[in-house]
Amino acid sequence: MSTTTNQASQTAQVFYTAKTRTTGGREGASRSSDGNLDVKLSMPGSSKPGTNPEQLFAAGWSACFEGAMAKAAQKLKVRLPDNLYIDAEMDLIVDDGNFSLAARMNVSLPGLDKEVALQIIEIAHNICPYSKAIKNNVPVSFNLI
């Protein structure tokens, strides 16, 4: 079975394809086809070794978001501080047996004017592929710290 939704425009080109194989679900392992990612998985809050999908999503999204902030700063003709960081928080929520996600991005842009920093965050949120993927599906809050 193969399904495709939200097909890309006819001018779109694939820039990169990540390939992973996961076995064992939340108590298993994931490995990328090139071997650069090889992680054990464990349930959130478990004392077992390994990470979980929520941590992986937070790490991937925050890394991608920092790149989007660089593009936003370039657009605004502003230099990002070298010591910027993002603390991403991903909540796994259970409500009456149904699971969902919620997220917070705590962004530090030391030395930038508050209004400029907020503009960078807003522009980045509109161009970051992870942000686009969860738009209208996951509650997200951004905090300038």
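This passage describes the overall make-up of a predicted protein model, the packing of two of its helices, and two residues with unusual backbone angles.

The model is predicted, so local features need pLDDT of at least 70 and side-chain atom pairs count only at pLDDT 80 or more, while totals for chains, interfaces and linings use all residues. Residues are numbered from 1 along each chain as its sequence is written, and side-chain values use heavy atoms, with hydrogens and water left out.

The protein contains 3 helices and 6 strands; helices (H or I, at least four residues) and strands (E, at least two) are DSSP runs, numbered from the N terminus. Along the sequence these elements follow the order β-β-β-α-β-β-α-α-β. The C-alpha atoms fill a box of roughly 45 × 40 × 35 Å along the principal axes. Of the 145 residues, 27% are buried, where buried means under 20% relative accessible area, exposed over 50%, and partly exposed in between (1.4 Å probe, protein chains only). The protein exposes about 10200 Å², of which carbon and sulfur atoms supply 50%; accessible areas come from the Shrake-Rupley method with a 1.4 Å probe, and for residues only the protein chains shown count as cover. Among contacts (heavy atoms within 4.5 Å) with a separation of 6 or more, 49% join residues 24 or more positions apart.

The axes of helix α1 (residues 53-76) and helix α2 (residues 114-127) come within 8 Å and cross at roughly 120°. Axes are lines fitted to C-alpha atoms, for helices over the stretch in contact, and angles run from 0 to 180 degrees between N-to-C directions. Helix α1 is therefore oblique to α2, since angles under 35 degrees count as roughly parallel, over 145 as roughly antiparallel, 65 to 115 as roughly perpendicular and the rest as oblique. On the α1 side, the contacting residues include Phe65, Met69 and Leu76, and on the α2 side they include Val116, Ile120 and Ile127. The residues of this contact divide into 12 nonpolar, 2 polar and 2 charged; Ala, Val, Leu, Ile, Met, Phe, Trp, Tyr, Cys and Pro count as nonpolar, Asp, Glu, Lys and Arg as charged, and the others, Gly among them, as polar.

Most residues other than glycine have a negative phi. Lysine 77, in the loop between α1 and β4 (85-95), has a positive phi of about 60°. Lysine 77 is exposed, with a relative accessible area of 77%. Aspartate 96 lies in the loop between β4 and β5 (98-108) and has a positive phi near 55°. Aspartate 96 is also exposed, with a relative accessible area of 73%.
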